[in-house]
Amino acid sequence: MAPFDNPFDAKRRFRRGGCSCGAHESQAAHEAALPAGDAAIERAVEATMLRALFPHAPERRAFLRSVGAATAAAAVSQFLPTKFVAEAFAEAGKPEKTDLKVGFIPITCATPIIMAKPMGFYEKQGLNVDVVKTAGWAVVRDKTLNKEYDAAHMLAPMPLAITLGLGSNPVPFAVPAIENVNGQAICLANKHKDNRDPKNWKGFKLAIPFDYSNHNYLLRYYLAEHGIDPDTDVQLRSVPPPEMVANLRADNIDGFLAPDNVVQRAVYDGVGFIHILSKEIWDGHPCCSFSVAQDTIREMPNATAALLRAILQATAYASKTENRKEIAAAIAPANYLNQPVTVVEQVLTGTYADGLGSVKKDPKRVAFDPFPYESFAIWTLTQMKRWGQIKGDVDYAAVAQQVYRATDAAKLMKQDGLTPPEATTKTFVVMGKTFDPAKPAEYLDSFKIKRAS
Amino acid sequence: MKGTLRLRAGILSLALLAMILLGWQVAVSGTASTQAMDPEYAALMGQAATTGKSAMPGPLDVGATIWHHLKDPFYDRGPNDKGIGIQLAYSIGRVALGYGLAVLVAIPVGFLIGMSPLMSRALDPYIQILKPVSPLAWMPLALYTIKDSSLSAIFVIFICSVWPMLINTVFGVAGTRKEWLNVARTLEVGPVRRAFTVILPAAAPTILTGMRISIGIAWLVIVAAEMLVGGTGIGYFVWNEWNNLSITNVITSILVIGLVGMVLDQLLARAQRLVTFPE
């Protein structure tokens, strides 16, 4: 919900039946009333700024109540001209290059990147984009570093890892948009149907898609919270998603934390069941990102801005639940995900078979929210450090700010002598524990099981 | 006698094929027991889970898939979905390029090394070390230095097919009979003419053997290389169908890869027969 609801509304209520704003009968009605296209982008930018100014909700509400939403909007735009940023998005000049290539991995996380092609979001921006299916995360990384791809679908921690030079040469990367939040799950082999307590999982072989993935960090987090040391008590293997189902069938692994349509495919093929959804570990966690090399942004700001607009609009479209069936049908064919439509549909609509004999309904199984909160990056960095991927000190805030950027608008604003918005962060809760992005070191210290000293 | 042998071999081959297909069909046709399911739940599940159908396809399924691919081998529905004919063409094109480059390099270099015992000794350790390296081990290095995935694939083909040709050329050239070289020397034949009229025909059968080994390796490697770099080609096709867990399509492509490999090998075998001479 975050960037697409209205923070200027002082009477907006926290969820209490009905929809998230309280003005509509249901979430569906609420989403239907949301602005689409350019208006949505403008709203998102304004919302971001207001949040940046008043990170604490009670303060923001008090401010709005005392001056009124319209005055607040005017006041905010005085020293943070939202129109300007929105225009940097909306009225970008002619793209330097219209034939672009965007790489993706065939999983539902890539939904906005993929659907923007068959559903014409790229075309609307005057771009001729080829979305190219790629064999694995390392290949996506290398092809993007080689400039074969102008932008790519990457796991959210990958641009951080690339920027820091973990597992590759350091190349500054940017995440102008997150693809999806939630949408992953822990899947176990059918033989573990009665072994649902992670405390008994010693000796398990579990698969993750990549070392630099939130899947890795979430699974490690989950295991460690249950007293299992992910480095010594279980074996974690980095396995490409398609191999996961085959390995699970062959009994080579006990389970995996994987991106969706792989999990659902394991259920569909009758080899595994869904233990928990990743949203049960951290509701609203980022998974995949839309990533661009910072060089590319510098070389062709207009083209990347146009690309970003297409992605943001596609994401806004995908965030509405009533569009999900149509999207599933658009991205399931061989050209994109190459999966049975029903599998993709179960993931996107959140009405799914859990592999244990019941049908579950959870419309938030996967959500699409493009805003790259810097606190996401900070959390990821704490986990990279926690598990020894980052050695030595790291300037959390600086790296987060460099990589996770609301838009390249910040850069444009600096050029015009304006102050870019404050770091846009939010606190969130992972397995009952609140993460304060302002105190990453304390957060890291609070864990019992960790590799970092 | 020869005719009947061929006939008998043919009949045996067909009988074996029939047995394999029958055994295959029987092995996959059984259905495992399944529990009763709620119809709403069953609608969301695949056949493997609902009817206990084996995950392995039978020969009939594979036959249907092959027919489906053969019916329309050259369709093109965007960058990630092309017909099997187009994919094969991409792979063959890559092999032809990499292999062609290897021929251009390996044969002249092999000639020089073979004609000079000094060079032969000096370069031997390098060749011996580089020869056994799996071609795919070059892949990360190639991607890193060449910075282009399709060129990297071609480079990998080049590097894997160059060694057998080089070694065989050296061996063939060095093994030219002394008598022939001596005859050439007494007739005062120049070095260039000697290379083309005496050594080349003498070494040709060995060189062709090297080329035949190389094309086999190149075809083996292209599938693996394309699975790694993706994009186009029969290797990508296999990977894409694997991603879809479509065993029928994987089996289909195995058959197609085998067929093309055989054709390539037979072409060079033909060429080899042309240059063979009786001693």
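How many residues of chain B are in contact with how many residues of chain A? Let us start there, in this predicted model, and then move on to other views.

**Figure 1. Here chain B meets chain A.** The contact involves 29 residues of chain B and 30 residues of chain A. On the chain B side, four helices each supply at least two of the touching residues: α2 (39-43), α3 (47-50), α10 (191-229) and α11 (234-243). The helix that gives the most to this side is α11(B), with 4 residues. If you sort the side of chain B that touches chain A by class, you will find 15 nonpolar, 9 polar and 5 charged residues.

**Figure 2. Chain B is built with 12 helices and 0 strands.** Follow the chain from its N terminus and you will pass one α element after another, in the order α-α-α-α-α-α-α-α-α-α-α-α. Two of these helices, α10 (191-229) and α11 (234-243), may look familiar from the view of the contact with chain A.

**Figure 3. The C-alpha trace of chain B spans about 90 × 60 × 35 Å along its principal axes.** How does the radius of gyration of chain B compare with that of a compact globule of 279 residues? Such a globule would come out near 19 Å, whereas chain B has 25 Å. As for burial, 33% of the 279 residues of chain B count as buried. Now think about contacts between residues with a separation of 6 or more in chain B: 70% of them join residues 24 or more positions apart.

**Figure 4. Strand β16 of chain A, residues 433-435, holds K433(A).** Is K433(A) buried, exposed or partly exposed? K433(A) counts as partly exposed because it has 13 C-beta neighbours inside 10 Å, while a buried residue needs 20 or more and an exposed one has 12 or fewer. You can also look from K433(A) to P58(A): the two are 375 residues apart in sequence, and their C-alpha atoms are 21 Å apart in space.

**Figure 5. Two stretches of chain A, residues 78-91 and residues 412-421, have pLDDT under 50.** For the chain as a whole, the average pLDDT is 80, and 77% of the residues score at least 70. Across residues 78-91 of chain A, pLDDT stays under 50, and the model has 26 contacts beyond four places in sequence for them. Across residues 412-421 of chain A, pLDDT also stays under 50, and here the model has 10 contacts beyond four places in sequence.

Terms used: Residues numbered from 1 in each chain as written. Chains lettered and ligands numbered in written order. Predicted model: local features only at pLDDT ≥ 70, side-chain atom pairs only at ≥ 80, totals over all residues. Rg over C-alpha atoms; globule rule 2.2 N^0.38 Å. Contact = placed C-beta atoms within 7 Å. pLDDT = per-residue confidence, 0-100. Nonpolar A, V, L, I, M, F, W, Y, C, P; charged D, E, K, R; others polar.
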